[in-house]
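The following account leads through the structure shown below, beginning with its nonpolar packing and moving on to its strands. It concerns a predicted model.

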Amino acid sequence: MVKKFIKFFYFIMIFSLFTIDISAKTNMIVEKLNNIRGDFNDVKIYGSYAFAIDNKNLRVFNIQNISNPFEEGKVFTGHAGYKLEISNNYAYIAAGYDGLDIVDISSPSHPKKISHIDTEGFCIDSQAGGNLLYVANGYNGVKVYDISDPSSPRFLSSYQTLNFVMGLEVENNYLYIAEGNYGMEIVTITSKNALLKSGEYHDIGFARDIYVHNSIAYICDFDSGLQIVDVHSPAFPRKISQYQTSSNPIAVKIYGKYAYLAMGNGGMEIVDISDIKNPIQSSSYNPKDVDIKSGDINNGYAFIATDRGIFILESSKSFNPKFISSHGTSGFANKIVTKGSFAYVADGNGGFLIFNIADPKNLKVIGYYQSGAFINDFVIKGKYVYLAAGEAGMEILDISNPSKIKPISSYVTDSQVTSIDVQDNIAYLTKGPRGIESVSVKDPYNPVSIHSDVADDITLDIKVRGKYAYIAARKGGFQIFDISDPQVINRISKLKPNSAITSFKPKDKYAFLIDSGYGLIIADISDPKKIKVVSEYKNPNILNILVQDQYLYISDSKNNLEILSILDIKNPSLIKRFNQDMFSNLFDFTFDENDYLIAASGREGIKEIDLFSEIYPRYENNYNTLGYAQEMAINGRYGYIANGRYGLQIVDLLNPSSPFRKAIFKTDSGVNGVKVAGDYAYITKGDRGIEVVNIKDPAHPRSVAKYKTKGYAISLVISDSKAFIAENGNGVEIVDIKNPANPTFISNYKESNINALSVETSGNYLLVSNGKEGVLILNVSDAKHPKKVAAFTEGVSYVRDVFVKDDLAYIADMEKGIFILDIKDKNSPKLVRKLPIDTRAVNISVDNKYLYLTEATEGFKIFDLSNDKVIKNYENKESISGIKYGNYFYLCNGYNGIDIFKIANDDKIGNLIVNFFQNILDRLPSFEEEQKYKRELLFEGKSLASFAKTLFDSQEFRMRNLSNREFIYLAYRTLLDRQPENDEVEGWINRFERGTSRDEMLNDLMHSKDFENLAKRYGVKAL
């Protein structure tokens, strides 16, 4: 429970950043979404529900629609809950002198109190680990209960402390206890669950809370701040450093490289502990009039329990800007548009330029057109670009060959053209004091005037959407014109400015207006005849704006880049401001296909800036397996961990940032390897051979067979109803598993110098990591008579792992690094190249153009195989193996459990498929499912609508039994990539009541512009 309890300081941090000083050196961005009224002491997220305790109840809130949570269940406990722990469908409520309540939450709508423990002390905290529950019990120390049957918990043992237990933490086989002015005690948890004192640490004022990770203890010292203590040797804890807080801290949470310290009325401090010998303050926050007690995080959302309710916050992008490159121009770059690998730039008196931006570090001009005038604006339609060319009027260029721009015509106007937009073969021009003009460009070689209208002020900017034209007219303000008949253009509405409207950006039903000398105005233009001001944001120095997702990016003349949340459009909130030279003169900017911000910067030309430079990869979480995590297999939403003597552990990974234990399968010997095929997990157990486990119900795994191998089973691979087992000293054993309940020996390949460490299949061939003998290739088309066809030994020292992708084999050599072999001809493998780095390689996986390498005790590296460069190096004390799945990398760390990293994945189609599965089916796709739908969407012409319908029509989705309101939110989030407006929700509710079917709603959404844009963004067919 301590881990869960301590987590809330990270969530307090998230809450704090909602209003925190934007100069703080932190990189988490948040937005407030909603709140649930009440006085709550703790909250925990489990699946699609938020469980919260108050002074008498456990309350259950459905959070599937995050912007509209509702109470689904409630159980009266009669006790004031202090802390909440959830494990395996049970809630454990620490209730002070009233003991501990256990509630069955397997049916969230009907939670049921099933038992109560009289702890005979002040129960302040608990933590579940497998079938054990550790209870912090005040002056009565720590008690351990067997909760294999939660309805009848059984007392096992106790440990009498010398002072009041304030909090506890379990890591590996040790219990760490915070005991006020006594300090910290370290207790060994024996194999028989007895608690034996191992060490103590007294150099502390008052130990209020504790967090332990990788054998480093972070102790919250109420008297003197944060103490960092090395507990690798529990008998001799050693102080590493100390950080003095400004007030009295009461709890601590470690997340990534930061420590978050809560200090009651003194607020909170965030401490950078990337150098644990020298912790330094990152930022601080002093909340007002809100008693924040605890919290939890799920799928990017934070849930904060306070005396005023549960605040729901969204934690999103991580900003850490890094300058990438720039390229000067001869003129004044003032507008930029990107498409694919190209950037198109209006360069003022320097003409019109096309850049190749495929390599952001090496920007190249590939196309150039010199106009005789100043290029103010342009719009691209098909193979043509239309220039607003000042005194030269409108110029039209053919850019079908970007390296050879071809001018095809020009149209001279009666005044300077300042802005342009094109729709339905009609160009609309703003001409300063001469108003606007419509010009037919049906024949781009012969533009013809349709209508000209003199304005009442200087027109500067124009955007055309449907039958309306939207215009910025300086003192004349923001104006909307009806252009349904291009020959008769009539103004229908107008919004007066505070100062002068110079430009604007439309998005959905809103227009974001730059009011020069004043700031930003957000206007509702859903009714073009009646413009409504929704909100304002003051910044008199704005140069330009960009609206992207739920964020508004503002550049100004003071070298600032401001990032605002517009999730609540009526209350745009500043969440980050950067003041750096790299943000000077951003006259126009957008994001390119690399997610880099690319800007037109006046006399400086163009710039590339990485706003998210730290997210590849980003440490997400650590999952403590309690045992020795050696290998991991993933299938769908579940991870299966070979966990040493603790057996097989099954973990729910639907939200990788907050995994939770689903089940533990105990074995008769230590588990060192695991693979999953269908409804079965196949585990290797050394000299005990292999065991087959039925995992159809991941919460209740059961053994179906044990198979004694000829040698020591290290690892295996499953292919074509056969298990190929690497056996130390006994080669490779092949076993028939057509009937998983009855594995049958087929054959054994063995020779004097074989030392099989791992195996990998490639069609009818088997590649064996053979230690000092390199890589062995066997033909196993006749499984009864496997035959050696080749071996690769050139330059190798000790081959530990091999990974096969297409016709290439990637070899991990513990002393010589990484070899890449061409194995198209299995009889004659050829060395393609060796990656130019020496590393203690033990485990490899390859995805797209990236190679993920686990390095013995050094951590893991990510290689870009397109240039053989290391793009990220993560250092770690112990690394056994790793696995890439979806957008995450899971690193097995022995006794340190599993480290989880978020990977910035450029597999857009894979991301799309994962997103649809998570939204619609509430699970991750299997590897086979992901590959199947990738193939259909990319190569077989299947539409995104058809893919979505397949999931919506499935029995699996129907079994979710969503309400109409839940269905509406899910459909909008999935198909339109946005939340529905309240009036849209109520509109569909009414239509459902009148007989409209859900299929009709899906069909309507799939024919919308938003859905078309979603498909276009991923390069797939919409319908």
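The largest nonpolar core comprises 38 residues, and the members that touch the most others within it are F916, L944, F947, F952, L975 and M1001. Several helices build this core: α2 (908-921), α3 (927-938), α4 (944-952), α6 (964-976), α7 (982-993), α8 (998-1006) and α9 (1009-1017) each contribute at least two residues. The greatest share comes from α6, which provides 8 residues. Such an arrangement can be set beside a general tendency: in soluble globular proteins, nonpolar side chains tend to be buried together.

F952 illustrates the packing in detail. Leaving aside residues up to four places away in sequence, F952 is in contact with I920, F957, F967, L970, A971, L975 and L1002. Apart from this core lies another, made up of 19 residues, including I124, V142, Y159 and V165.

Helix α4 deserves a closer look. Its buried residues are L944, A945, F947, A948, L951 and F952. Viewed down the axis of α4, these buried residues fall within an arc of 160 degrees, and they therefore line one face of the helix.

Which residues does A1015 touch, when those up to four places away in sequence are not counted? The residue itself belongs to helix α9. Its relative accessibility is 1%, and because buried means under 20%, A1015 counts as buried. On the stated terms, A1015 touches L944, V1020, K1021 and A1022. A further link across the sequence is given by L912: although A1015 and L912 are 103 residues apart along the chain, their C-alpha atoms are separated by 9.6 Å.

The description now turns to the strands. In strand β39 (residues 426-430), 5 of the 5 residues are buried, so the strand is largely enclosed by the rest of the structure. Burial applies to both sides of β39: I426, Y428 and T430 point one way, A427 and L429 point the other way, and all are buried.

On either hand, β39 has a pairing partner. Strand β38 (residues 419-423) pairs with β39 in the antiparallel sense over 5 bridges, and within this pairing I420 has L429 of β39 as its bridge partner. The hairpin of β38 and β39 has 2 residues between the strands, and D424 in this hairpin adopts a positive phi near 50 degrees. Strand β40 (residues 436-440) also runs antiparallel to β39, to which 5 bridges join it. Here the bridge partner of L429 is E437 in β40. The hairpin of β39 and β40 has 5 residues between the strands, and in it G432 takes a positive phi near 60 degrees. L429 thus has bridge partners in both I420 and E437.

A separate topic is an open sheet of 4 strands, whose order is β29-β56-β55-β54 and whose pairing is antiparallel. At its edges stand β29 (322-327) and β54 (588-591), each of which pairs on one side only. On average, neighbouring strands of this sheet are turned by 20 degrees against each other, with direction ignored. At the β54 edge, 4 bridges in the antiparallel sense connect β54 to strand β55 (residues 597-600). There, F591 stands opposite L597 in β55.

Terms used. Residues numbered from 1 in each chain as written. Predicted model: local features only at pLDDT ≥ 70, side-chain atom pairs only at ≥ 80, totals over all residues. Heavy atoms only, no water. Core = buried A, V, L, I, M, F, W, Y, C linked by side-chain atoms within 4.5 Å. Buried < 20%, exposed > 50% of the residue type's maximum accessible area, 1.4 Å probe, protein only. Contact = heavy atoms within 4.5 Å. Pairing = 2+ DSSP bridges. Arc of directions from axis to C-beta. Axes fitted to C-alpha atoms, helices over the stretch in contact; angles between N-to-C directions.
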